[in-house]
Amino acid sequence: MRQSNLLLPTLKETPADADVISHQLMLRAGLIRQLASGLYSWLPLGLRVLRNIEAIIREELNRSGAQELLMPVVQPAELWAESGRWQKMGDEMLRMQDRHERDFCLGPTHEEVITDIFRREVQSYKQLPVNFYQIQTKFRDERRPRFGVMRAREFIMKDGYSFHLDQPSFDATYQEMYNCYERILQRMELNFRAVEADTGNIGGNNSHEFHVLAASGEDTIVYASNGPYAANLEKAVAELPVAEATPPEPMARVATPNQKTITEVAQLLQQETTRCVKTLVLKAEPSDTQTGAPLIAIILRGDHELNEIKAAKLPGVAKPLQFADEAEIVAAFGAHPGSLGPVASPIPILVDYAAAALSTFICGANEDGVHYQGANWQRDCPIDDQQMVDARNVAEGDPAPNGQGELQFQRGIEVGHIFQLDRAYSEPMSAYVLDQDGRDTAPIMGCYGMGVTRLVAAVIEQNHDSRGVVWPQPVAPFALHIIPLNAQKSDAVREAADALYAEAEAAGISVLLDDRNERPGVKFADADLIGIPHRIVIGDRGLQNGVVEYKHRSAENNEELSAEAALARVAGQRL
């Protein structure tokens with residue numbers, strides 16, 4: 001490609017509304033342009049990167065035995081009503097009607113469509129397992145699109161779905177997809193982690209997220225310092241604490257008239273927040289004999305935070321998780337938030353393991369302006385094993401499970417998620433097959449997603465410097481950038497550049513020739529900005545000495561080589 005013919009509108013200044021480096025560089029390097037909030041056009045250079053990423057994904061999925069198909073972006077409401085998600089999806093789903101007033105949506109995902117295809121075309125267990133995928137546009141009406149293409153409303157995603165007669169079959173495909181995702185990210189030369197993830201409302205134990213490690217990542221991933229354990233923050237667990245062996249202190253009432261927070265109470269009593277517990281009141285599942293609003297309390301150590309994903313799965317907690325309002329709390333306790341505690345609690349309590357390990361602790365006395373100091377579980381508030389739960393976010397430095405050192409944190413960009421759907425779609429949509437005994441059986445389903453457009457941003461977040469993008473070779477828009485200097489004044493330079501350009505193309509090397517009538521400084525700045533891995537500079541002085549200047553984008557210095565040796569370097573050879 002000759003650069004004079006390429007739509008490549010680079011920018012010198014960083015756009016003011018671009019917060020993360022990938023958004024800044026994608027705009028500056030002419031990869032994308034914003035059409036509206038969360039909507040982007042992909043310009044030629046960006047599209048080349050996108051297609052390279054798609055090609056890697058497609059090659060590895062085909063290698064794994066998955067079959068590619070393509071499903072419509074526009075989907076009828078009837079399918080979503082069958083699965084029960086037409087209303088559950090909420091405002092992120094963009095709904096619309098056609099001229100006949102029939103309801104449709106722009107697909108945020110394709111579970112319903114693939115299940116409909118399956119139930120129409122697959123009838124027997126002999127046709128299982130099957131694994132389908134597509135690379136397709138999705139639309140989710142994000143409330144606050146941000147970070148460029150990392151959280152856009154319209155995006156391209158690889159979504160895959162598998163169908164299985166039994167759990168062993170699913171487990172085998174799940175492991176193959178796990179391995180496939182690792183190969184995809186390794187081929188892109190990315191530093192990533194696969195972590196255990198929450199399965200959400202679907203349930204099941206099979207769920208992993210794949211995160212590209214980057215300081216700008218929205219997600220916190222947790223890993224063991226001396227072992228393989230890794231999970232996202234929603235799922236992460238610490239080694240269960242050992243109960244303190246110190247003898248209990250006498251419990252005493254303490255006036256705390258103006259102290260409403262854990263920090264304020266701890267400061268007043270000259271104690272660490274780790275010696276306090278806090279009481280969070282949630283809506284509970286109603287029982288047959290319940291009168292009034294059913295509530296349940298979760299007790300945490302004072303320095304810990306509630307993990308709402310874990311809490312929502314605890315026995316007795318209403319689903320979806322909801323916090324009690326102040327009026328409900330006062331009606332139940334006779335006291336306001338800030339003075340609540342587990343001693344003589346009027347509602348059932350669940351106690352996080354770390355709080356339950358304390359021998360003595362400070363807590364609210366269920367009386368405004370009063371706390372207990374020196375409270376003890378078994379003496380003042382007996383609890384049993386069924387009441388002890390994992391309900392908190394782990395903290396950095398916590399002991400990792402199974403003696404794997406300490407838990408450490410990193411930031412990550414989620415680019416892939418694989419998990420078990422179980423029969424959440426096959427059963428309600430009557431997607432049955434006949435099993436070996438001729439009975440209708442709903443298959444187990446798997447789901448395998450990977451953000452294609454998000455991967456472009458993730459690659460940049462991990463591969464850039466102060467001058468611009470530093471593309472890994474497998475995803476780069478071009479492999480080679482040829483820069484002739486003052487070619488408009490030198491026939492020798494122009495002819496040498498054209499000859500090298502033709503030779504590179506003949507060798508199957510993707511090449512961009514900067515044939516623009518621009519000053520060398522402009523050409524070099526643009527070359528660094530767009531980040532093509534290999535650069536060959538051709539000038540009169542070098543030609544007189546029989547050499548060109550070769551430089552890899554990640555290198556500090558140029559090398560003087562013959563044109564043949566430079567081209568061989570690009571092709572991965574050395575002369």
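Modeller: Before we look at this predicted model, one term has to be fixed: a residue is called buried when its relative accessible area is under 20%, exposed when that area is over 50%, and partly exposed in between.

Biologist: With that cut-off, which residues of helix 1 are buried?

Modeller: They are S22, H23, Q24, L25, M26, L27 and R28, which makes 7 of the 8 residues of helix 1, so that the helix is mostly covered. The cover over these buried residues includes strand 1 (32–36), strand 2 (39–42), helix 12, strand 24 (464–465), strand 25 (468–469) and helix 14 (520–530). Beyond the end of helix 1 comes G30, which has a positive phi near 70°. For the protein chain as a whole, 53% of the 575 residues count as buried.

Biologist: At what angle do helix 1 and helix 12 pack?

Modeller: In general, a pair of packed helices is described by two quantities, the angle between the axes and the distance that separates them. Here helix 1 (residues 21–28) meets helix 12 (residues 452–462) at about 105°, and their axes lie 8 Å apart. That angle makes the two helices roughly perpendicular.

Biologist: Which residues in helix 1 and helix 12 meet?

Modeller: It helps to recall that an α-helix has 3.6 residues a turn, so residues three or four places apart point the same way. From helix 1 the contact takes I21, S22, L25 and M26, and from helix 12 it takes V456, A457, I460 and E461. By class, the residues of this contact divide into 6 nonpolar, 1 polar and 1 charged.

Biologist: Turning to single residues, where does V415 lie, and is V415 buried or exposed?

Modeller: V415 belongs to strand 20 (residues 407–422), and because its relative accessible area is 2%, V415 counts as buried. Leaving out residues up to four places away in sequence, V415 touches L185, F210, V212, G449, M450, G451, R454, L455 and A458. V415 also shows how sequence separation and spatial separation can be read together, since V415 and F192 are 223 residues apart in sequence while their C-alpha atoms are 9.6 Å apart in space.

Biologist: What does H164 touch, apart from its neighbours within four places in sequence?

Modeller: H164, which lies in strand 8 (residues 154–164), is in contact with L128, P129, S169, F170, T173, P443, I444 and Y448. Its relative accessible area is 0%, so H164 is buried. The C-alpha atoms of H164 and A442 are 8.9 Å apart, although 278 residues separate this pair in sequence. For the chain as a whole, among contacts between residues at least 6 apart in sequence, 68% join residues at least 24 apart.

Biologist: Backbone angles can also mark a place worth checking; which peptide bond is cis at P129?

Modeller: The bond from L128 to P129 is cis, with omega near 0°, and P129 is found in the loop between helix 5 (111–121) and strand 7 (130–139). Another cis peptide bond joins K319 and P320, with omega about 0°, and P320 sits in the loop between helix 8 (308–312) and helix 9 (326–333).

Biologist: What is the phi of Q270, and what is the phi of D422?

Modeller: Q270, a residue other than glycine, has a positive phi near 55°; Q270 is placed in the loop between helix 7 and strand 14, and at 73% relative accessibility it counts as exposed. D422, likewise a residue other than glycine, has a positive phi near 60°; D422 lies in strand 20 and is partly exposed, with a relative accessible area of 30%.

Biologist: Finally, how many cavities of 30 Å³ or more does a search of the whole structure find?

Modeller: The search finds 1 such cavity, and the largest cavity has a volume of about 50 Å³. Its lining consists of H481, A527, D528, I532, H534, R535, K551, H552 and R553, which divide into 2 nonpolar, 3 polar and 4 charged residues.

Biologist: Which element gives the most to the lining of the second largest pocket?

Modeller: Strand 14 does, with 5 residues. That pocket has a volume of about 260 Å³, and of the 22 residues that line it, the closest to its centre are K260, K278, T279, P337 and G338. By class, this lining has 13 nonpolar, 7 polar and 2 charged residues.

Note on methods: Residues numbered from 1 in each chain as written. Predicted model: local features only at pLDDT ≥ 70, side-chain atom pairs only at ≥ 80, totals over all residues. Heavy atoms only, no water. 1 Å grid on protein atoms, 1.4 Å probe; cavity = no way out; pocket = protein on both sides within 12 Å on 5 of 7 lines; lining within 4 Å. Points joined across faces, edges and corners; volume = space filled by probe spheres on them. Helix = DSSP H or I, 4+ residues; strand = E, 2+ residues; numbered from the N terminus. Nonpolar A, V, L, I, M, F, W, Y, C, P; charged D, E, K, R; others polar. Axes fitted to C-alpha atoms, helices over the stretch in contact; angles between N-to-C directions. Parallel < 35°, antiparallel > 145°, perpendicular 65-115°, else oblique. Contact = heavy atoms within 4.5 Å. Buried < 20%, exposed > 50% of the residue type's maximum accessible area, 1.4 Å probe, protein only.
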